[in-house]
Amino acid sequence: MPGFPRGVATYYETSGGERVDIDPSVVETVLSLLGPPAVPHPAAPVVPAGPLPEVPRTWGWMLQLYGLRSAGSWGVGDFADLAEFTRWARSAGAGAVLVNPLHAVAPVDPLPASPYSPSSRRFVNPLYLRITDLPEYRDAPPPLRAAVDALRPLSSPDGLIDYDGVWRAKHAALTLLAPGSGAVVLQRSDLTDFAVYCALVADHGPDWRTWPVELQRPGAAAYAVADPAAVAFHIWLQRRCAEQLAVANAAAEGMAVGIIHDLAVGIDPGGADAWTLQDVIAAGAKVGAPPDAFNQQGQDWGLATWSPDRLADTGYAAWRTLLREIFRHAGGLRVDHVAGLWRLWWVPPGQSPAQGTYVYYDDAAMLGILVEEAKLAGAVVVGEDLGTVEDVVTTTLQDRNILGSAVLWFTRDDDGRFLPPGDWPHNALASISTHDLPTAGGFLSGEHVLARAEAGVLTRDVKVEWAAFSKERAALLDLLDAEGLTGPDSTDEEIVLAMHQLLLRTPCRIVLASPYDVLGEPRQPNLPGTTSQYPNWRIPLPLSLEDLTVDARMKQIADLFNS
């Protein structure tokens, strides 16, 4: 960027056009995190100039897989549930299923719950394995199968998802079923590096930065210390994950798009990718967002990210490999915070989120490789562009046929009024809500206000917040009424149906419904700004998979979207 030393912003403009100058000491600190510039700089990778093929007009479901439980799963939705849900969705006419990130988390107890704070984005969370679909289970003698069956966890007494209990049970079952490793010779590879990290976690904890110095980088010392049997175990887990994901992906054959995976914006700075990819990860920096009207102190997401210089020095190999691994089992990819392909807000060590600055990336290379890999896979790409993004982000996404995101709560004009459906963007994926926002029922009842008040994260008096919510609810009802979709006596269930009818009237290429909305769940999956104050990522769907697929409300939405 002109005037920005090595792409580190010395100022930025708010959504209102106000210039905010960055403290020079922050700029200097971020420049030091980048390290010395590369000399000479290698040529940029060759990337295609053309756009992706136009996305077919279709509809589908947005799914928090962990919340989808069945008679065969062990307290958390799994890959077999994903395959079965996808088969049902395809049979009902759907063309897409969007799932939460399936990235690997550190194999520890307690197990991290957030799918957006992964240990690795290149590998998959074995929590989602269906134990009884493993060939080792099917081929096991009856006494071993009985021992595995006895490990199945009981339902959580509070009705929430018990990740720790499920992981303990599955880990014990997987340990029983794992093939004997014999004499293991560890060959260096990306998968083996990941497995070595997982093996070392058992003795040294999930944050590699606290390990003995000689283990703080993958290589001979780490390989010599890691238990070969444990390394072989984690390699086996990833291979079985790939097999079960392939079955789920095959269930989507014939759909217009298929299963759309979700790519988190960053990684745990103490996790597997940060350990194995140290040469291209910005040590010490965490990403987030600057202060705005909704988060006056800014946001620190606690995630590590790419170093733009080092990534370019390596020809973007790690970025390409990451995309290629995900596209192996996906019909599409949603890129969380897609503006991060252009710039990310870096928070230096020990600083508050407000004491950060933007660092720019080579968007032509980042986006070009994304488009190239999507073309090779025959996949669609969706960019999560719900925040304040630069105009270049919006126009470039359109030029490349990458879908943006259009969410009912956010699709408004410059005065804050809800847009009529005809004014929604064409090149977008439309939905009522997201995992971080109120469900349809939660919005109508004000559950999101009550939940934030109870969690202590409101920045205004609850009466002021409730008045603002009441005004927004009235504005939404006015739009639905103006469209002829509701009347003065409409019930909440009828209003939720009208919201889906509104989506169908938009020109958006993909329209998605959430079972949380359709089935009337008032609680949103995640309440930003909270940790233990709210059951983030632990709220199951109110119906089992078996009941969900025959529920009249789910059929009603499918029939509506097929009309």
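Rings of Phe, Tyr and Trp (its six-membered ring) pair if their centres lie within 6.5 Å; planes under 30 degrees apart count as stacked, over 60 as edge-to-face and the rest as tilted. The model you see is predicted, so local features need pLDDT of at least 70 and side-chain atom pairs count only at pLDDT 80 or more, while totals for chains, interfaces and linings use all residues. Residues are numbered from 1 along each chain as its sequence is written, and side-chain values use heavy atoms, with hydrogens and water left out.

**Exercise 1. Sort two aromatic pairs by their geometry.**

Step 1. Searching the whole structure gives 23 aromatic pairs.

Step 2. Take Tyr-66 and Tyr-163: their centres are 6.3 Å apart with 50° between the planes, a tilted pair. Tyr-66 is in the loop between strand 3 (58-63) and helix 2 (79-91), and Tyr-163 is in helix 5 (residues 163-177), 97 residues apart. Helices (H or I, at least four residues) and strands (E, at least two) are DSSP runs, numbered from the N terminus.

Step 3. Both tyrosines, Tyr-66 and Tyr-163, are buried, meaning under 20% relative accessible area, where exposed is over 50% and partly exposed in between (1.4 Å probe, protein chains only).

Step 4. Now turn to Trp-409 and Phe-443: the ring centres lie 4.3 Å apart and the planes meet at 25°, so this pair is stacked. Trp-409 and Phe-443 are both buried as well.

**Exercise 2. Find where Trp-409 and Leu-408 belong.**

Step 1. The largest nonpolar core (buried Ala, Val, Leu, Ile, Met, Phe, Trp, Tyr and Cys residues joined through side-chain atoms within 4.5 Å) has 95 residues. Leu-408 and Trp-409 are among those with the most contacts inside it.

Step 2. Leu-408 touches (heavy atoms within 4.5 Å) residues including Phe-418, Trp-424 and Met-499, leaving aside residues up to four places away in sequence.

Step 3. A second, separate core holds 83 residues, among them Val-30 and Val-335.

**Exercise 3. Follow Arg-343 from strand to ring.**

Step 1. Strand 11 (residues 343-347) pairs with strand 12 in the antiparallel sense over four bridges; pairing needs at least two DSSP bridges between the strands.

Step 2. Which residue of strand 12 is the bridge partner of Arg-343? Tyr-360 is that partner.

Step 3. The charged end of Arg-343 also sits over the ring of Tyr-358, 3.7 Å from its centre. For this, NZ of Lys or CZ of Arg must be within 6 Å of the ring centre and within 35 degrees of the ring normal.
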